[in-house]
Amino acid sequence: MKRRNSYLTNFSTDFLFLVLEQNTKELLKLEIKRTEQESKELQGRINQIKLTISIGKQELINRFLIDEKNSLEKIARLLCKSKGIHKEVYQEVFTRKILEQNNLIPVDLLQKVMDYLDLEQIMTIMRKKDTIYSQLASERYDEIIFDVDEEVYQEYLQKRREWKV
């Protein structure tokens, strides 16, 4: 079976991000409208936009993963500067690159990136056992889950280190 290429592959990365941003705004407007009135047409349009966003995001993720110029460090820096749909794409690219490669990046940058990842990505990175990635992801996971006073959290980390010894 021959795979049909999406028409999205013909567009530039910047244009795809622009389309995704517009679709995201339209989706938000339609979901607000749906709270006021429910109709099959409205739900159908919402589903179309969600599908278009999903396909567009996947196209962008694949582009960033395939392009060898996009190192793990470069993606990490892009993630730290991004928001919205850009952030969502870079989060996924960063997570996949960590799982697929063994490239190192500065630890301070890696710690900073952990703050920009969603819980789902952090949990995915934690599965890459016995690496600095999993260690920092685990610490960030604990920080999110326990969300307690800094002193209490530091005490917990100290006890955790003692348990490992």
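Leaving out residues up to four places away in sequence, T9 touches E59 and R63. In this predicted model, T9 sits in the segment before α1, the helix that covers residues 13–36. The contact with R63 brings together positions that are 54 residues apart in sequence, with their C-alpha atoms 9.2 Å apart in space. T9 isn't sealed off, though: its relative accessible area is 35%, which makes it partly exposed.

Zooming out, the fold is helical, with eight helices and zero strands in the chain. Read from the N terminus, the order of elements is simply α-α-α-α-α-α-α-α. The chain is more spread out than a compact globule, because its radius of gyration is 19 Å, well over the 15 Å that the globule rule gives for 165 residues. Along the principal axes, the C-alpha trace spans about 60 × 40 × 30 Å.

As for burial, 34% of the 165 residues count as buried. The chain exposes about 11,300 Å², and carbon and sulfur atoms supply 51% of that area. Contacts reach well along the sequence too: among those between residues at least 6 apart, 60% join residues at least 24 apart. On the charge side, there are 29 positive and 28 negative charges, and the mean positions of the two sets are 7 Å apart.

Another threonine, T95, gives a view of helix α4, which runs over residues 84–100. Is T95 buried or exposed? With a relative accessibility of 4%, T95 is buried, since the cut-off for that class is under 20%. Setting aside neighbours within four places in sequence, T95 is in contact with L117, Q121, T124 and I125. Two of the helices further along are α5, at residues 107–114, and α6, at residues 119–126. T9, by comparison, is partly exposed at 35%.

Now for the charged pairs. Side chains of opposite charge can pair when their charged atoms come close. The structure holds eight salt bridges, and a few of them are worth walking through. One of them links R77 and E73, with the closest N and O atoms 2.7 Å apart. Both residues belong to helix α3 (residues 72–81), where a spacing of four residues puts them about one turn of the helix apart. Neither end of this pair is hidden: R77 is partly exposed at 41% relative accessible area, and E73 is partly exposed as well, at 29%.

Back in helix α4, a similar arrangement turns up. R96 forms a salt bridge with E92, and the closest N and O atoms there are 3.0 Å apart. R96 and E92 are separated by about one helical turn, because they are four residues apart in helix α4. R96 comes out at 22% relative accessibility and counts as partly exposed. E92 has a relative accessibility of 22% and is likewise partly exposed. Helix α4 thus holds the buried T95 along with this partly exposed R96.

Which parts of the chain does the R140–D115 pair tie together? The side chains of R140 and D115 meet in a salt bridge with an N to O distance of 3.4 Å. R140 lies in helix α7 (residues 132–146), whereas D115 is in the loop between α5 and α6, so the bridge ties together parts that are 25 residues apart in sequence. The two ends differ in burial class: R140 is buried at 17% relative accessibility, while D115 is partly exposed at 46%. The pairing goes beyond two residues, too, as salt bridges with shared partners join D115, R140 and E143 into one network.

One last backbone detail concerns the loop between α6 and α7, where D130 is found. D130 has a positive phi of about 55 degrees, although it is not a glycine. Is the residue buried or exposed? At 82% relative accessibility, D130 counts as exposed, given that the class begins over 50%.

Note on methods:
Residues numbered from 1 in each chain as written. Predicted model: local features only at pLDDT ≥ 70, side-chain atom pairs only at ≥ 80, totals over all residues. Heavy atoms only, no water. Rg over C-alpha atoms; globule rule 2.2 N^0.38 Å. Buried < 20%, exposed > 50% of the residue type's maximum accessible area, 1.4 Å probe, protein only. Contact = heavy atoms within 4.5 Å. Areas by Shrake-Rupley, 256 points an atom, 1.4 Å probe, with all protein chains shown as cover. Lys, Arg positive; Asp, Glu negative; His and termini not counted. Charge placed at Lys NZ, Arg CZ, Asp CG, Glu CD. Salt bridge = Lys/Arg side-chain N within 4 Å of Asp/Glu carboxyl O.
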